[in-house]
Amino acid sequence: MQETLVRPLSTDGASLLQIPLWRVRLKLFLRSIKTNLCLFSENPIGLVGVVLIIFFFLFMSAHPILMKFVWDPTIYDPVMGFESAIAEHPSAPSPGHLLGTDPMGRDVLSQLMWSTRAAFVLGLIAASVTAIIATTVGAVTAYYGGLVDTIFMRLADIIIMTPGITILIVLATLVDLQMIHLAVVLGVLAGFGGTTVIIKSQALTIKVRTYIEAARIAGGSDWHIIFRHIIPNLLPLAFLYMMFGVTTAIFTESVLSFFGLLNIRMSWGLMIYQTSVSGYLMDMSKWWLIYPASLSITMLCAAFYLVGRAMDEIINPRLRKR
Amino acid sequence: MRRYLIQRIGQNLFTFFLFLTLVYLLLDAQPGDFGNIYLNDSRLTAEQRQVIREQLGLNRPVMERYLSWLGSLFQGDLGLSFSNSMRPVISIIAERAPRTIILFLSVTILANLLGFAMGKMLAWRRGGAVEYAATIAGVGLFTVFVPWFALMMIWLFAYKFNLFPLGKFIDPVLWREATVEANTIFLRMMLTGLLTAAAWISWLFATRRFNPGWRKAARWVGTLIILTLPITYWATNGLGRYAADILHHIALPVLTITIVNFAGTMLLTRSSMLETLREDYIMAARAKGLPEAMIRDKHAARNAMLPTVTSFILALAFVMNGGVITETIFSWPGMGLTLLKAAQTQDIPLVIGSLVFTGALALTAHLGADLLYAFLDPRIRVS
Amino acid sequence: MNNILLDVQDLTMHYSTRGGSVAAVEHVSFSLKKGESLGLVGESGCGKTSIATTLLRLLPDNAKILSGRILLDGADIVTLNNDEMRKVRWERISMVFQAAMNSLNPIHRVGDQIIEALEVHDSVKTNREAKDRVASFFRLVGLDPKLMERYPHEYSGGMRQRAVIAMALACHPDLIIADEPTTALDVIVQDNLLREMSALQKQLGMSMIYISHDIAVIAEVSDRIGVMYAGSLVELASAYEVFHHPRHPYTCGLMSAFPSIVGPKRPLVTLPGEPPNLVKPPSGCRFHPRCLYATDICSQKIPEFRDLGGGHYAACFHPVEVKNAVS
């Protein structure tokens with residue numbers, strides 16, 4: 001008869017107090033992750049993205065194994081290798097070289113695999129830098145307002161106003177840019193730019209919630225409130241924009257490498273650059289020089305973007321389909 | 001509204017100034033300075049170098065140089081381009097800027113129209129295979145590696161089907177007997193285009209107050225008349241085939257980049273529509289018995305349009321980004337290609353000039369977006 | 001017989017959600033005469049707004065009418081297709097939404113939004129005629145016709161509510177459903193508006209269904225009152241009867257009085273518990289977990305909604321017999 005009434009977790013108040021706080025927090029956290037995963041997996045778009053990412057991850061992990069056990073480094077090294085058994089390079093796909101060789105005699109498949117790692121590392125570093133900067137700056141400016149707010153918002157305005165690739169091209173020709181520099185620069189630019197504005201708006205909506213006032217009345221210091229209350233609520237959004245950050249980072253690096261402006265060992269963009277420098281860019285008979293690399297760029301960028309979109313539908317409940 | 005606009009104009013101008021300063025300082029902070037290229041002639045003795053440096057003013061403090069540069073900038077003097085035989089930077093920009101602008105204006109307009117229409121329809125029917133397929137296809141196009149895609153398009157249409165030329169701006173053979181410069185024709189085309197667009201928009205506005213029965217007919221008739229005007233003009237002034245040639249060359253780049261770009265607008269419109277559809281006035285519109293198409297277009301889309309329109313105007317700010325890639329592959333002689341080449345040859349004045357141009361575009365774009373938003377959203381317009 | 005405008009028979013509507021199927025409207029039956037006003041009252045989530053949206057067939061994709069008929073002047077509108085339903089909407093039945101400010105599109109002028117309804121339903125031929133019609137409605141609800149050219153955000157809350165009422169009147173409907181028409185307004189405006197709405201209704205001879213959780217509001221303006229609980233109609237009678245002689249235990253609880261009944265004395269109590277989960281509702285009578293008069297049969301069978309005498313309907317196995325009047 002009473003089955004519809006809500007049953008509390010425990011009817012005895014005292015026993016409730018005996019569960020340590022961290023345990024309760026952990027339980028709630030895990031439960032929210034489970035709900036979100038359920039929501040996420042309902043959306044085929046996100047799943048397609050995740051599958052692609054996993055595929056590339058495995059692809060990337062296979063390389064060191066292959067290099068150690070199956071392949072001979074002198075032939076298969078992505079940068080220094082050389083296939084002397086074949087007379088003319090670039091050569092078409094063959095049993096020993098599943099994707100053929102490039103104009104300098106190096107195995108294309110090996111290059112592709114190695115570049116996957118470059119892409120992942122670049123993307124994740126850039127995205128993490130962006131997330132850290134954007135979250136902190138967003139939370140602080142939302143909380144303090146005033147002069148701090150104005151300065152950072154002007155800065156964000158300038159960055160938004162400036163087309164990134166253009167600036168990076170100029171930068172790259174004046175300064176010797178390596179992968180890690182590029183990752184950090186990309187991360188910083190995105191971190192202080194558009195992402196901050198979005199995270200700041202979110203932080204503003206959090207700031208006016210009653211539990212913040214409660215925390216302040218309870219005597220919480222500014223930093224405590226920012227780090228314990230505001231920032232944890234910003235993390236889902238920050239994580240979401242990390243996905244888009246990876247997409248942008250990989251795309252930008254590819255374009256810059258394609259123009260030959262970067263100083264890196266090997267990446268997909270660089271592969272295409274070398275094809276163009278050797279004059280094979282428009283030569284469709286040598287498709288393995290361009291297609292695999294281009295498709296990889298497209299697919300990995302798309303994968304992260306799809307995941308980002310699927311997350312968007314969860315985090316932004318207004319888009320949810322009931 | 002006036003106060004809002006003045007505030008936004010002020011903010012944007014301020015940002016533009018900061019941008020200029022940063023650009024200058026960034027380039028000035030490079031080891032060595034622009035004099036080096038010029039002075040790298042090994043036949044000069046150390047004293048001669050010193051004298052030349054003094055003449056060029058390269059040994060003055062940064063602040064002085066910055067201010068004098070700003071001063072010249074406002075008089076329209078952006079310096080001389082080293083890599084183009086000392087041609088004034090401003091004339092190079094004046095020559096190449098319209099080409100980039102036209103290319104990207106066409107692309108942006110087409111991409112936005114197409115993306116908006118498709119996004120609107122996509123949001124209207126939720127769920128189902130169509131939505132997922134369209135989203136994945138859209139994302140795929142959005143993130144495709146543009147150089148590769150452009151190459152594919154060139155190979156397919158220009159090489160295999162021979163429908164379009166391989167690149168560049170004009171066909172040298174055809175133009176050998178031309179009496180007018182390519183640029184003049186180009187500018188005239190721009191002008192015709194702008195006037196036609198303005199006329200058409202005014203006509204749409206004027207017919208708003210017509211009686212319901214007449215409205216549709218009047219609009220169609222008016223549109224037809226307005227479209228025939230520029231076509232007649234170009235067909236009869238003897239320069240028609242040159243204009244046609246330029247159009248022929250611009251077609252493939254526009255097609256390619258439109259395909260890549262429309263996906264972004266489509267996805268944005270869809271999200272925006274989905275949010276709008278949650279609003280109560282949509283349910284109210286349905287309760288009123290309005291037909292589905294009217295609810296979708298007049299109520300939902302009109303509201304959802306605001307972010308799309310803003311992104312359309314803001315796309316102008318990022319013209320250079322896409323410009324560099326597109327213009328390189330299609331050998332379209334615009335500002336993007338200019339910037340790239342200038343950066344590669346370390347022609348600093350031209351680089352700075354191009355960046356100033358970029359900043360100016362961005363400034364215009366942001367101002368335009370603010371204006372348009374204020375105009376479209378009555379909550380700001382009438383307050 | 002021809003006096004009956006609306007006859008709802010055994011209407012059932014469910015939503016399907018991730019958590020299960022929500023029984024939002026369960027076997028609801030009532031009828032409405034021409035020119036009569038009916039008030040639907042109940043707690044949040046009891047299904048009153050769901051009935052309104054079902055009557056206009058404004059249901060979202062995950063909602064389905066499982067059974068029942070809605071007879072409007074004898075014709076069942078549940079079976080109509082979309083185009084036919086569009087003719088019914090606004091011309092026969094219109095609605096004044098909850099929180100009216102949100103039912104006006106912020107980027108169109110208020111006058112234009114009413115004119116659009118007129119044009120779609122072919123009520124006017126020229127712009128002039130449309131404007132005149134809107135002006136007359138504005139005057140009717142107490143708004144200055146010049147306000148037609150303004151945008152919604154330029155109106156105050158009370159003005160917006162009036163504008164929405166004018167919009168609902170535009171096509172001379174037979175029935176207007178007013179969903180919480182005054183909830184978002186302050187008390188003084190509320191009072192005025194209710195009185196004006198009631199006067200308008202009498203003047204134009206329309207039927208009205210008022211939906212509210214506030215019994216005082218309902219009592220002011222309704223000829224008859226229907227009490228809803230957990231998706232079902234538990235009591236339906238004239239306003240006087242519901243107030244002075246409530247028969248269903250829930251209604252009694254609502255009237256905050258518990259008269260003495262035949263049987264052992266019980267102390268005055270408030271309603272314990274909370275409204276039930278509509279996904280897994282209680283077995284039998286939905287109110288039985290909270291009802292102090294519940295017996296075994298109440299948890300086994302759903303009580304029939306029947307006439308207890310004189311047009312006073314209730315769905316209860318143990319309807320309350322009232323001896324003394326409650327003010």
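This briefing describes a predicted model of a complex, taking its chains and their contacts in turn. The predictor assigns the complex an ipTM of 0.79 and a pTM of 0.75. Chains A and B meet through 38 residues of chain A and 39 residues of chain B. Chain B is divided into two domains, and chain C contains an open sheet of four strands.

**Confidence**

- The mean pLDDT of chain B is 78, and 87% of the residues of chain B reach 70 or more.
- Within chain B, helix α2 (residues 35–39) has the lowest confidence, with a mean of 59.
- The highest confidence in chain B belongs to helix α12 (residues 280–287), at 86.
- Chain C has an average pLDDT of 83, with 92% of its residues scoring at least 70.

**Where chain A touches chain B**

- The contact involves 38 residues on the side of chain A and 39 on the side of chain B.
- Five elements of chain A give two or more residues each to this side: α3 (44–70), α6 (146–161), α7 (164–174), α11 (222–258) and α13 (291–315).
- Of these, α13(A) gives the most, with eight residues.
- By residue type, the side of chain A that touches chain B divides into 25 nonpolar, eight polar and five charged residues.

**Helix α2 of chain A**

- Helix α2 of chain A covers residues 21–41, which makes 21 residues.
- At 1.5 Å a residue this helix should span 30 Å, and its end C-alpha atoms are 30 Å apart, so the expected and modelled spans agree.
- The helix is hardly covered: the count of buried residues in α2(A) is zero.

**Chain B and its two domains**

- Chain B has 383 residues, of which 34% count as buried.
- Its secondary structure comes to 17 helices and two strands.
- Among contacts in chain B with a separation of 6 or more, 74% are between residues 24 or more positions apart.
- Domain 1 of chain B takes in residues 2–84, while domain 2 is made of two segments, 95–180 and 239–381.
- Between the two domains of chain B, 20 residues of domain 1 are in contact with 20 residues of domain 2.
- On the domain 1 side of this contact, α1 (2–28) and β1 (80–81) of chain B each supply at least two residues.
- The element that gives the most to that side is α1(B), with eleven residues.
- The domain 1 side divides into 15 nonpolar residues, four polar and one charged.

**The four-stranded sheet of chain C**

- The strands of this open sheet follow the order β2-β1-β4-β5 (chain C), and their pairing is antiparallel.
- The edges are formed by β2 (20–33) and β5 (75–76) of chain C; each has a single partner strand, so one side of each is left without a neighbour in the sheet.
- Strand β1 (residues 4–17) of chain C pairs with β2(C) in the antiparallel sense over ten bridges.
- A hairpin of two residues joins β1(C) to β2(C).
- Across this pairing, M13(C) has V25(C) in β2(C) as its bridge partner, and H14(C) stands opposite A23(C) in β2(C).

**Two residues of chain C with positive phi**

- H27(C) is found in strand β2 of chain C, and its phi is near 50°, a positive value in a residue other than glycine.
- H27(C) counts as partly exposed because it has 19 C-beta neighbours inside 10 Å, where 20 or more would make a residue buried.
- A230(C) is not a glycine either, and has a positive phi of about 50°.
- A230(C) lies in the loop between β9 (224–229) and β10 (232–238) of chain C.
- With 24 other C-beta atoms within 10 Å, A230(C) is buried.

**A buried alanine in helix α5 of chain C**

- A166(C) is part of helix α5 (residues 157–169) of chain C.
- This alanine counts as buried because 25 C-beta neighbours lie inside 10 Å.
- Beyond its neighbours within four places in sequence, A166(C) is in contact with I114(C), F137(C), F138(C), L140(C), V141(C) and L143(C).
- A166(C) and V96(C) are 70 residues apart in sequence, and their C-alpha atoms are 9.4 Å apart in space.

Terms used. Residues numbered from 1 in each chain as written. Chains lettered and ligands numbered in written order. Predicted model: local features only at pLDDT ≥ 70, side-chain atom pairs only at ≥ 80, totals over all residues. Expected span 1.5 Å × (residues − 1). Buried ≥ 20, exposed ≤ 12 C-beta atoms within 10 Å, placed from the backbone. Contact = placed C-beta atoms within 7 Å. pLDDT = per-residue confidence, 0-100. Nonpolar A, V, L, I, M, F, W, Y, C, P; charged D, E, K, R; others polar. Domains from an automatic or database assignment. Pairing = 2+ DSSP bridges.
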